[in-house]
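Here is my note for your first look at this model. Keep the structure open and check each point as you read.

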Amino acid sequence: MRRIALKHLRRREMANAPIIYRADYQPPSHKVSSLHLDVKLYEDRADITAVMDITAHDGQTSITLNGEGLTLHDVQIDGVSLDAIHYSEDEGKLTITGLPHKCALSVASSCDPFSNTALEGLYNSKNMLCTQCEPEGFRRICYYLDRPDVLAPYRVRIEADEARPHLLSNGNLIETGKAGEGRHYALWDDPHPKPSYLFALVAGDLELVADSFTTASGRQVDLHIYVEHGNAHLTSHAMDSLKRSMKWDEDVYGLEYDLDLFQIVAVSHFNMGAMENKGLNIFNSKYVLADAQTATDDDLDAVEAIIAHEYFHNWTGNRVTCRDWFQLTLKEGLTVFRDQNFSADMHDRGVKRASDVATLRAIQFPEDSSPTAHPIRPESFVEINNFYTPTVYEKGAEVIRMFHSQLGEKGFRAGTDLYFKRHDGMAVTCDDFMAAMADANNRDFSAMAKWYSQAGTPRLTSTRLSDGPGLILRFSQSLAPSQAGTPTDALPIPIRMGFLDASGAPAMFSIDGGAFHDEALTVLTSAKQDYQITFKEADKGPFTPSLLRDFSAPVRMTDDLSDEERLHLMGFDSDLFNRWDMAQKLLEKAVHQLLANTLDNGLLQKLSIAYQLILTASDLRDDFKALMMAMPGQAVIEAASQGCNPVAVFAARDQLRALLGEVLHETLSALLTDEASVARQSDAAGRHFQNALLDWAIASGDARAASLAEAQVQHENMSLSKGALSALNRKDTPERTRAMQAFHDRWQNDSLVMEKWFALSASAPETGTIAHIRTLMAHPAFDLNSPNKLRSVLGVFCAANVTQFHAQDGSGYDFIADELITLDKRNPQIAARMALSLTRMSAYDAPRQARMKTALEKVYENATSRDLSEVVGKALGR
C-alpha cells in the first residue's frame, strides 16, 4: 500500500498538464451494471470499498480507474485478492490487468476528508462530512471510472459513530441499524443509473425540516431539508420554492419527480451555489437559509431560482446527462433557461428578462472578449473546473432560448418530450438535443450548431433605407476573432421586431409582403440581408423600430436610432426589455460624454424629463422603475472603450447618477417622503424602488436623504436595511460610519448576514483600502476556508472595488496576486475564479495592462494547481 499525497500529485500534474480535446473522446473500456459502496467513517479517515459489476467492451482485459489522494488497501476480482503484480498506481490512476470479460471488481481504499480544504470529494464542514463530486471529485473518495458516461445504479452503506445521527445518500432509504458499540449504519438504494459526479453523502448531527408534495399522478413525495441546529426557522422560503418548482415542472414540461424522497442539505463550506446530486441536493447554506429579516429580496429570489435550478436538473442533467464534460452546456444551459422562465412566471417576465440580460452583459460578454474566451461547447481544456463559466451557463441558456423563440412554446415542448423519450437514462451530446428539436418539428437546425462551436459575441447592425411609404430594413452581422481561435462564420440570429407609431402605439406591419402583425420574428442567416417593411396605416408615422425585442439573440446591437427615437421607445414601448435597453443606451452615451468632458446638457435635460415621467408613472411596476434607474454596468462601458481608465469610468457613472439626482431633486424628495413611501416598503417591488430613490438622492449630496438612509439601516426588513447601507457606502461620511457600525453590531453573530457587511466593507471605494481588506480578513467572523467569506472580501474587492483594485500604482493587482498564490494551495477552484479579474485587461490603458501582466507572471510562477495555471497561462499566452 502507498499513499499519493495530493499536493505532490498536483505539482506533477502541473509539470505535465495534458490538454484534453473533445475530438479525442473514446467510450469507456467497461460497462458498470451496478456499484455497491461500503463507507466507514472515522474521526481521522474514511474507509471505502467499491464493488462494481463490470463487463468489458471490445475484448478489454485491463481497466484504468481514477483515484487521487487515496490509500489503496486491496483489489479483488470475484472475491479473490490480487497480487500487486496485477495492478499499478500512477499519478491519479489505478490500472488492473488480467480481467475476465465480466466480473465483480472490488477496490478498498481510504481518504482523509478532514484535511481536504479543496472542498472536492469527501470533506468536513463544521463537523459535518459531505461531498462534492462534480466534475471529478468522486476520484478523491474511491477508485472508479470517474467519467459522466459511466452510469450505474448505486447501493450505499454508510457506517459512522452515533454522534453523527444523520447518514444520508442518494435514492431511497432501505434500512438502518446498529453497527457495533457506539456505531450505526444506513443503507441507501438509488435505482436510477447515474454517473459518479451525482453521488452524494452527508454524515452529521443535523436538524430536519420535513414536508411533502403530491405529484400530478397522486404519489406522495417526502421533502426533507437538513440544516445545522438552530437554523430550521430559516427554511420555509426554500421549502415553498421547492414545492412550486415541482409543480411548475409538471405543468410546463410534464415532468414528475421519480423517487419517494427528495432531500436538501445546507452546507457552510461549499465552492458552488448548489449541486443536483440525484435525490440529495447539497446546497451552499446561503441559498437555503433565508427570511425577510436576514435576506434581501434579491437573496430570496436567488434562493428560489437555485432551488428550482437544482430540482430541474433531475431531468435535464440527471435522467439525461452529458456524455463528456465538453457537453456541460447540454445540462447547464438548458437548466438555466428553465429556471429563468420559472422565475419569470413567479414574478414579472419583463423585469426578469432585463435583469438577466444585464447579468449577461456584465459577466459573459467580457468573457467572450477575454483570454479565456471559449464556445458554449469548448473544444479543449486542461482543467474542467475552469469551464463552469457564464459562457457555458448564461450564454448556453440564450442559445436554448433561440430554439424556443423559433419553435414557440408548443414546438419547444414537443422537442423536449422527444429528447426525454429518446435519451432517458443515457449520457448524450448537444447534437442529440439539437436533433430532438429538429426532428420533433420537422425543422433543419444544422446552422444552429455554429452557436455551439464559435466563441465571441456577434455584432448585429441595423440600418434603415427609405422606400416610399415603407422602408427597407438592412441587417448585417460580424464576429470578431476571439482568443479561442474558433471560426467567425455568419450565425443564425433570431430578430424579434416591432414598430411604434407617432403616438407610441404598436404599428401593424408586414415583412416582404407577408401578413400584417404588430410583432414578428425573422432569422438572419447570412452576413447581410434586406427586409421590405410595409405599414398597414402609413399615415400614422413616423414609425420607430423596436428591434431585438425581449433580447431575442445574445448579440451586441448597433442601430441608427436618434436620441429622440430612443426616448420614444423608452417611454412607450410595450416590450419592457427594449424600454429598459433604450434607457441603458442613453445613459451609456452620457457616461461616455462625461469621460470625454463633452456632456451634452440637452441630453441630460431629455433624460431628466424622461425619468420624471417614469418615476411618477402609475402604470409601471416599482421594480421596473428601479431597474430603469440602474446605471449601465462598469463592464458595459469598458467594453465600448479603448485604453480606458477603469477608475475614471467608475467615477463617470457615479457623476451621472449624481447629476440626475440633482435635476430630479424635488421629485426624489417627494417620493421618499410621501404617504406612498410607507406602503411602498411592504412589497418587494416597492422596496427596490425605495432603495433606488435613496441611491440617486444620496449621490446628489442630499443630506436629508442620507439621514433617511441611516435611519432605514435599522429597519427589520433586510432589503431596506442593506439597500440604505449600499446607498451610503460610496462616500466616507459620518452617516456611513455610524450605519456600518450599527449593522455590524446588530449582526455580528450571524455568519450569513456578516457576509453582507464584509462585502460592503470590501467594496467601499474610499475606505475599502488594502489595509482595510487585511483588517477584514483578521475579523473573528472571517474564515479562510469558507468560499463564501473569501468571495465576500477578496472576490468583492477585485470585482467591485474599482478604485482600489485598479489603483494606478498597481498595488491592488499585487495584493490580489499574493492572495491567489496562498489561496491556490488551499482551494484551487476559488483561486482560479478570482484570478479572472486580473485577466480582463484588454479595454484598459497600457500602464494598467502592464501592471496586471506583471501580477499574473508572479501568480503563474507560483501556482501549484492546474486550475489557476490554466486561467493565468491563457492570459499570458502560455
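1. Start with the lining of the largest cavity. By class it has eight nonpolar, two polar and four charged residues. Keep in mind that the model is a predicted one.

2. Now place those residues. The lining counts 14 residues, and L547, M557, N578, D581 and M582 are the ones nearest the centre of the cavity. Two elements give two or more residues to this lining: β31 (544-547) and α10 (576-595). The largest share, five residues, comes from α10. The volume of this cavity is about 90 Å³.

3. How many cavities of 30 Å³ or more does the structure hold? There are four. The second largest has a volume of about 70 Å³. Its lining is made of 10 residues; E120, E136, R140, E383 and R866 lie nearest the centre. By class, that lining has one nonpolar, one polar and eight charged residues. Set this beside the largest cavity, with its eight nonpolar, two polar and four charged lining residues.

4. Next, find the open sheet of five strands. Its order is β17-β18-β19-β21-β20, and the pairing is mixed. Which strands stand at the edges? They are β17 (207-214) and β20 (274-275). Each has a single partner strand, so one side of each has no neighbour in the sheet.

5. Look inside the sheet at one pair. Strand β18 (residues 220-227) runs parallel to strand β19 (residues 261-267), and five bridges join them. One detail is easy to check: H224 has Q263 in β19 as its bridge partner.

6. A helix packs on this sheet. Helix α2 (residues 236-253) touches β17, β18 and β19. The direction of α2 makes about 25° with that of β17.

7. Helix α2 also packs against helix α4 (residues 328-346). The angle is about 105°, and the axes are 11 Å apart. Why call the two helices roughly perpendicular? Angles of 65 to 115 degrees count as roughly perpendicular, and α2 and α4 pack at about 105°. The two helices are therefore roughly perpendicular to each other.

8. Finish with the residues at this contact. From α2 come S241, R244, S245, W248, D249 and Y253. They meet F337, R338, N341, F342, D345 and M346 in α4. By class, the contact residues divide into five nonpolar, three polar and four charged.

Definitions and conventions
Residues are numbered from 1 along each chain as its sequence is written. This is a predicted model: local features need pLDDT of at least 70, side-chain atom pairs count only at pLDDT 80 or more; totals for chains, interfaces and linings use all residues. Side-chain values use heavy atoms; hydrogens and water are left out. On a 1 Å grid over the protein atoms alone, a cavity is a set of points where a 1.4 Å probe fits but cannot get out, and a pocket is an open set with protein on both sides within 12 Å along at least five of seven lines; lining residues have an atom within 4 Å of a point. Grid points are joined across faces, edges and corners, and a volume is the space filled by probe spheres set on the points. Helices (H or I, at least four residues) and strands (E, at least two) are DSSP runs, numbered from the N terminus. Ala, Val, Leu, Ile, Met, Phe, Trp, Tyr, Cys and Pro count as nonpolar, Asp, Glu, Lys and Arg as charged, and the others, Gly among them, as polar. Two strands pair if DSSP finds at least two bridges between them. Contact means heavy atoms within 4.5 Å. Axes are lines fitted to C-alpha atoms, for helices over the stretch in contact, and angles run from 0 to 180 degrees between N-to-C directions. Angles under 35 degrees count as roughly parallel, over 145 as roughly antiparallel, 65 to 115 as roughly perpendicular and the rest as oblique.
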